[in-house]
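Work through the three exercises below with the model open. Each task is followed by its solution in steps.

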Amino acid sequence: MSYVRELIPPQPAPLAPARPITGARIAAIGILILWAMLAAGLVAMVVNGWDQDKFLRYGPRYLNGLWTTISLVGLAVVFGALLSVPIAFARMSKNRVLNGIAYAYVYVFRSTPLLAQLFLIYYGLGSFKPQLESAGLWWFFRDAWYCGLLSFVLNTAAYQAEILRGAIESVPRGQREGAAALGLSKQVAFAKIILPQALIVALRPYGNELVLMMKGSAVVAIVTVYDLMGETRYAFSRTFDYQAYLWAAIFYLAMVETLRHVWAFLEARLTRHLKR
Amino acid sequence: MSGFFSALFGALDPLCGPVGIFSLFGSGTLVACGEAGWGDEIAFGVKVTISLALATVPVGLFLGFLIALAAQSEDKLLRLATGIYTTIFRGLPELLTLFIVYYGLQILIQSVLAWLGYEGRVEINAFLAGMVALAVVFSSYSSEVLLSAFRAIPRGQYEAGDALGLHRGRTMRLIVLPQLIRIALPGLTNLWLILLKDTSYVSVIGLADIVRQTGIAARVSKEAFFFYFIACLLYLILAMISSFGLGFVERWAKRAETAR
């Protein structure tokens, strides 16, 4: 009978196989170098073209424009949310006329460009000056800012109504039935059972809509509102300095990325009870 | 031959042809065709809008496909590179992207030419700039759609391709791509409708699309509400036609699926 007298001495772990240099890696490095060159070019442009005078003249204007954009989008989204509630309920109602009207509203506002809607409200309604003056509404339609706000509210209400409707309809029937079995009234069941579940579903689309609105809000610059884009166009038309657009890009990207991260945090926080 | 085709398309022109809407109902009004009204100018704008959108899609889709392929590669650096691309172009307003491309390309070409010894003003085509900007935006959105479609295709499909002895290109072409198109079509339909609306931005850099042509008509004739209403109506009709057509394509793509 034979047995092992000495153990095999410990050996180092085998070497990891050398990573082959694939085409993907080469392409990745190429693209990253391209990005780095673009970033370096951007920095060089800012450093070389730095002009204290321009900075002092246009810097505060940019901040003003930023504030205009943020306030415009914030107000539009809030008012749009308010307007979207009746539309969403009309869209879910069994009354065919009501349903049809809400459907038509949503369809029209979602399938025409925001730019055309804005022009229709600002220039189009502006041509009814005498009637509007006699109705006492001219102060509203005279101002590009108000017209921009109105068109944004109408536009985002259509999108938000669809989001809300989809979210409410995504809550399973059993939830309603369960509430009814508990003897809850319809209103209480809606407020305490359906809506909280629906809003969790709607959270992500609402965030997307907010981002889309922020990006879409740049069109008000065309009807002479000095939002971030408007100030950019102003600065460019005065200086012919391409940096104007790059600064705007940085501001917009910063806004959108902030919003995205805030929203991701909110979602993680609000759905923590659903994690397993 | 080309004369025949142009005559055929002229006859079938839905706006200003012999049986077009404007020529049937618009004669004597502001939207009459020819010298009397704005019908033919608006019809030209419709053509520009449609051709811009149609020219953008293949470029954007091809770029988006490449980006989706890169975004699902195992290489970390490649994913990083595409992540930067999609983050930038999904975060910028389309209008700003358009301006950056329009003026940026101009400056770029001018500086390259100056470096080569040519000193002169260069103006790039608004159609080209619009196409590039819209294609870049479209590609970054479509890459997300295609990426999620890629993820919906089980690994077993690739393994089956390997088991059949197909090489990677053929697996992609014969097995993955048909399923990919079927899964991605609803998302791409949405993107097409968004693209159709985004083409309105090119009016700002002076391309004669629907919004610009109706805008000129509105300014000259002082009937702003009427003309911008027509613009909205035209976009609405285009959206209706495309959602009808794409619904047809979707049903065609799903013809092999059994009812479950």
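The model is predicted.

**Exercise 1. Describe the fold of chain B.**

Step 1. Count the elements: chain B has ten helices and zero strands. Read from the N terminus, the order is therefore α-α-α-α-α-α-α-α-α-α.

Step 2. Take the dimensions: the C-alpha trace of chain B spans about 70 × 60 × 40 Å along its principal axes.

Step 3. Consider burial and contacts. Of the 260 residues in chain B, 37% are buried. Among contacts in chain B between residues at least 6 apart in sequence, 67% link residues at least 24 apart.

**Exercise 2. Characterise the side of chain A that touches chain B.**

Step 1. Count both sides: chain A contributes 36 residues to the contact and chain B contributes 37 residues.

Step 2. Assign the chain A side to elements. At least two residues each come from α1 (23-48), α3 (96-111), α4 (114-126) and α11 (243-270) of chain A. The most come from α4(A), which gives nine residues.

Step 3. Sort by type: this side of chain A has 27 nonpolar, six polar and three charged residues.

**Exercise 3. Check the length of helix α10 of chain A and find what covers its buried residues.**

Step 1. Helix α10 of chain A (residues 228-239) has twelve residues, so at 1.5 Å a residue it should span 16 Å. Its end C-alpha atoms are 16 Å apart, which agrees.

Step 2. List the buried residues of α10(A): A:Leu228, A:Met229, A:Gly230, A:Glu231, A:Thr232, A:Arg233 and A:Ala235.

Step 3. Identify the cover: it includes α2 (52-92) and α11 of chain A, together with α5 (94-116) of chain B.

Step 4. Look past the helix: α10(A) is followed by A:Phe240, with a positive phi near 50 degrees.

Notes: Residues are numbered from 1 along each chain as its sequence is written. Chains are lettered from A and ligands numbered from 1 in the order in which they are written. This is a predicted model: local features need pLDDT of at least 70, side-chain atom pairs count only at pLDDT 80 or more; totals for chains, interfaces and linings use all residues. Two residues are in contact if their C-beta atoms, placed from the backbone, lie within 7 Å. Helices (H or I, at least four residues) and strands (E, at least two) are DSSP runs, numbered from the N terminus. Ala, Val, Leu, Ile, Met, Phe, Trp, Tyr, Cys and Pro count as nonpolar, Asp, Glu, Lys and Arg as charged, and the others, Gly among them, as polar. A residue is buried if 20 or more other C-beta atoms lie within 10 Å of its own, exposed if 12 or fewer, and partly exposed in between; C-beta atoms are placed from the backbone. The expected span of a helix is 1.5 Å times one less than its number of residues.
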